[in-house]
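The following exercises are meant to be worked with the sequence and the structure side by side. Each task is followed by a solution that goes step by step.

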Amino acid sequence: MELIPDLPETVAYECLLRASYQQFPLMASVCKLWQREIRLSDFFRHRKASGHSQELVVLSQARVDPVKELGSGNKTIPTPVYRISVLELGTGLRSELPPVPGQSNGLPLFCRLASVGSDLVVLGGLDPVTWRTSDSVFVFSFLTSTWRVGNSMPGGPRSFFACASDSQRNVFVAGGHDEDKNAMMSALMYDVAEDKWAFLPDMGRERDECTAIFHAGKFHVIGGYATEEQGQFSKTAESFDVTTWRWSSQADEFLSSEMITWPPICAAGENVDLYACCRHDLMVMRDDTWHKIGNLPADVCNVSYVAVRRSGKLVVIGSARYGEPIVGYNWDMSNSRWVKLETHEKYEGHVQAGCFLEI
């Protein structure tokens, strides 16, 4: 059976490669051959190699509601309802994913986001009504534009944990705290395709409110604090090697003293460099030392999310301060130039989490 009747296979395949990710659900419904083709990892590899892939920033973002007027001139600010917004970096277009079934009050507060292949994974958080810790897992397929419920996170209630993915199959979770506010040192791995969880060996120390990145085949967990430290963030970091199934020795001075007073938002690219946004500074780690390479624009220095693009640019999402409109910038590594992304009032609400997806 031909991909497109009366067209050479190479031309027909090129047509599929050029389609927008928003057309994938429609393409999958055309015929089983198209459905099978766009599910193959080779299809996305060829999209990237040919320059037709699309870079998406996916955010847990508050819906912007108007302030309501009460009697006597008083105003009330409604409790934010969080949804998934999508920023397509190539065009600047913004959109909103369908709501998670059964979550009429919005996403869990402080949930974590991770991307695996063409899937978005939403993990944990707090129930927006009861504020009880959730162990929920929701997976959105960009191929079918549908949600499914994954197996719940094991190991008891966990919130404010670190989360990162290898972008191919697995999501990693570490640290956070339990319902009694005890910091945790346990870690987990979620196989999205198999919908299965596995326990990793414990980390070397407790890490509440830590951050994480996946880089060079390792799951790096950074900072955080132990139960008795209560907000005194650690300079340390440790890395889990997937091939050896072991944690590395703890890096005692991974963060500088300045960085632990304002925990950084970190990102890793396909090169060897690690980047961090901390206070008003953009920093890069080279030769095991953090170096300042630029100043963050004033209206984005309260950073919510940062990602490294394949084009050699950083995208930074944030605001001037909490409560101010969310904006975005591209930073070009080749000329150290900031370019502000187009804004839209509908997508200026507070951002709690984000992830990067190339599809």
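**Exercise 1. Find the residue that stands opposite Asp191, and describe the strand pairing around it.**

Solution. In this predicted model, the residue opposite Asp191 is Lys196, which belongs to strand E13. The next step is to place this position in its pairing: E12 and E13, the latter covering residues 196-200, run antiparallel to each other and are joined over 5 bridges. The final step concerns the turn, for the hairpin of E12 and E13 has 4 residues between its strands, and in this hairpin Asp195 adopts a positive phi near 55°.

**Exercise 2. Determine where Lys181 and Trp245 lie, each with a positive phi although neither is a glycine, and decide how exposed each of them is.**

Solution. As background, most residues other than glycine have a negative phi. Lys181 departs from this with a phi of about 65°, and its place is the loop that runs between strand E11 (170-174) and strand E12 (187-191). Because its relative accessibility is 53%, and the cut-off for exposed is over 50%, Lys181 counts as exposed. Trp245 likewise has a positive phi, near 60°, and is found in the loop between strand E16 (237-241) and strand E17 (246-247). With a relative accessible area of 34%, Trp245 is partly exposed. Trp245 also belongs to an aromatic cluster, in which the other members are Phe172, Phe214, Phe219, Phe240 and Trp247.

**Exercise 3. Classify the aromatic pair of Phe254 and Trp290, and work out which parts of the chain it ties together.**

Solution. The whole structure holds 19 aromatic pairs. In the pair of Phe254 and Trp290, the ring centres are 5.9 Å apart and the planes make an angle of 90°; since planes over 60 degrees apart count as edge-to-face, this pair falls into that class. To see what the pair connects, locate both residues: Phe254 lies in the loop between E17 and helix H5 (257-260), whereas Trp290 is part of strand E21 (residues 289-295), so the contact ties together parts that are 36 residues apart in sequence. Phe254 is buried because its relative accessible area is 14%, and Trp290 is buried because its value is 12%.

For comparison, Trp331 and Trp338 form a tilted pair, with 6.2 Å from centre to centre and 45° between the planes; Trp331 and Trp338 are both buried. A further contact of an aromatic ring involves a charge, since the charged end of Arg112 sits over the ring of Phe161 at 5.7 Å from the ring centre, within the 6 Å that the assignment requires.

**Exercise 4. Judge whether the chain is as compact as a globular protein of its length, and describe its burial, contacts and surface.**

Solution. The chain contains 5 helices and 26 strands. Its radius of gyration is 21 Å, which is close to the 21 Å given by the globule rule for 359 residues, and therefore the chain is as compact as a globular protein of that length. The C-alpha trace spans about 70 × 65 × 45 Å along its principal axes. As for burial, 50% of the 359 residues are buried. Among contacts with a separation of 6 or more, 48% join residues that are 24 or more positions apart. Finally, the accessible surface comes to about 17,400 Å², and carbon and sulfur atoms account for 50% of it.

Notes. Residues are numbered from 1 along each chain as its sequence is written. This is a predicted model: local features need pLDDT of at least 70, side-chain atom pairs count only at pLDDT 80 or more; totals for chains, interfaces and linings use all residues. Side-chain values use heavy atoms; hydrogens and water are left out. Helices (H or I, at least four residues) and strands (E, at least two) are DSSP runs, numbered from the N terminus. Buried means under 20% relative accessible area, exposed over 50%, partly exposed in between (1.4 Å probe, protein chains only). Two strands pair if DSSP finds at least two bridges between them. Rings of Phe, Tyr and Trp (its six-membered ring) pair if their centres lie within 6.5 Å; planes under 30 degrees apart count as stacked, over 60 as edge-to-face and the rest as tilted. A charge sits over a ring if NZ of Lys or CZ of Arg is within 6 Å of the ring centre and within 35 degrees of the ring normal. The radius of gyration is taken over C-alpha atoms; the globule rule is 2.2 Å times the number of residues to the power 0.38. Contact means heavy atoms within 4.5 Å. Accessible areas come from the Shrake-Rupley method with a 1.4 Å probe; for residues, only the protein chains shown count as cover.
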